[in-house]
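Q: Please take me through the aromatic rings of this model, up close. I am new to it, so keep the sentences short and explain each term as it comes up.

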Amino acid sequence: MGMKKLFALLILSFFIFSCGEDANPESIQRYFYGNSEVSPADENTGLYVNWTDGSRTVFRFIKVHPEEENIADDELTEVFWIEIPSDVTEFSANLNTDSDVETYYTRSCFCGFEAFEFTELEVSGNKLDNGTWDISFKMTAKTPAYNQEFSLEDSGIYFPGER
C-alpha cells in the first residue's frame with residue numbers, strides 16, 4: 001500500500017472514531033412546569049415520582065449519561081426535582097431550612113434503587129423578567145440500604161416545558 005493511501009486511511013479512521021465518540025454525548029435538560037405537583041412514589045423506589053396536575057411550580061433537571069457501546073444496559077438518567085408554591089418568584093432552601101420547597105432525586109437505569117435521602121442540599125432560584133428561571137443546586141443523596149451516595153450540582157436557565 002502506498003504512503004498516500006496509508007495516510008488517507010489513517011485520516012479517515014481518525015474521523016470515523018472521532019465522530020463515534022461525539023455521537024453520544026452527555027445531555028442536560030432544564031424545564032419548569034406550572035400547575036403541577038410531584039410526590040414520592042407509593043412504593044419505596046428511587047426510580048420515579050408521581051407527577052400530577054396541581055397548584056405548584058415544578059422544576060426538572062435531567063442528566064442523561066452517555067452510553068458505553070461495549071457495556072450492555074448501562075443507560076443512566078438522573079433527575080432532580082424542585083417543587084415550589086406557584087406564587088413564589090424567588091426561593092432558597094437547604095437541609096436545615098423549614099420551607100415550602102420540596103425536592104426529589106431519582107435515577108432511571110437497568111438497576112433498582114430505594115428512595116433516596118438527602119445528605120447535602122442547597123437550592124435557590126429566581127424568576128427572570130423573560131419568564132424563565134435561573135436555578136442553582138448542589139445535592140448529595142444516598143440509599144439507606146446500600147449506603148451509596150450520588151451527587152449533582154448545576155446552575156442554569158430553566159425554560160417552560162410541556163408534559
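**Aromatic rings, up close**

A: Start with Phe59 and Phe91. Both are buried, meaning under 20% relative accessible area, with exposed set at over 50% and partly exposed in between (1.4 Å probe, protein chains only). The model is predicted, so local features need pLDDT of at least 70, side-chain atom pairs need 80 or more, and totals for chains, interfaces and linings use all residues. Residues are numbered from 1 along each chain as its sequence is written, and side-chain values use heavy atoms, without hydrogens or water.

Now the pairs. Rings of Phe, Tyr and Trp (its six-membered ring) pair if their centres lie within 6.5 Å; planes under 30 degrees apart are stacked, over 60 edge-to-face, the rest tilted. That rule gives twelve aromatic pairs. Phe59 and Phe91 make a tilted one, with 5.9 Å between centres and 35° between planes. The two rings link distant parts of the chain: Phe59 sits in strand E3 (residues 56-64), Phe91 in strand E5 (residues 90-94), and 32 residues separate them. Strands here are DSSP runs of E, at least two residues, numbered from the N terminus.

Next come Tyr105 and Phe116. Their pair is edge-to-face, 4.9 Å centre to centre, with 70° between the planes. This pair, too, links distant parts of the chain. Tyr105 belongs to strand E6 (residues 102-109), while Phe116 lies in the loop between E6 and strand E7 (117-127), eleven residues apart. Tyr105 and Phe116 are both buried.

Step back to Phe59 and Phe91. They share one aromatic cluster with Phe32, Trp133 and Tyr158.

Elsewhere, a charge meets a ring. Arg107 lies over the face of Phe150, 3.7 Å from the ring centre. For this, NZ of Lys or CZ of Arg must be within 6 Å of the centre and within 35 degrees of the ring normal.

Tyr31 is another aromatic residue to find, in strand E1 (residues 27-40). Tyr31 counts as partly exposed because its relative accessibility is 30%.

Two other residues round out the tour. Thr140 lies in strand E8 (residues 133-142). Thr140 is buried because its relative accessibility is 6%. Its side chain makes a polar contact with the side chain of Ser151, at 2.8 Å. Such a contact pairs N or O atoms within 3.5 Å; within protein, one must be able to donate a hydrogen and the other to accept it, and residues adjacent in sequence count only if both atoms are side-chain atoms. Glu162 comes in the segment after strand E9 (149-160). Glu162 counts as exposed because its relative accessible area is 79%.

Terms used: Helices (H or I, at least four residues) and strands (E, at least two) are DSSP runs, numbered from the N terminus.
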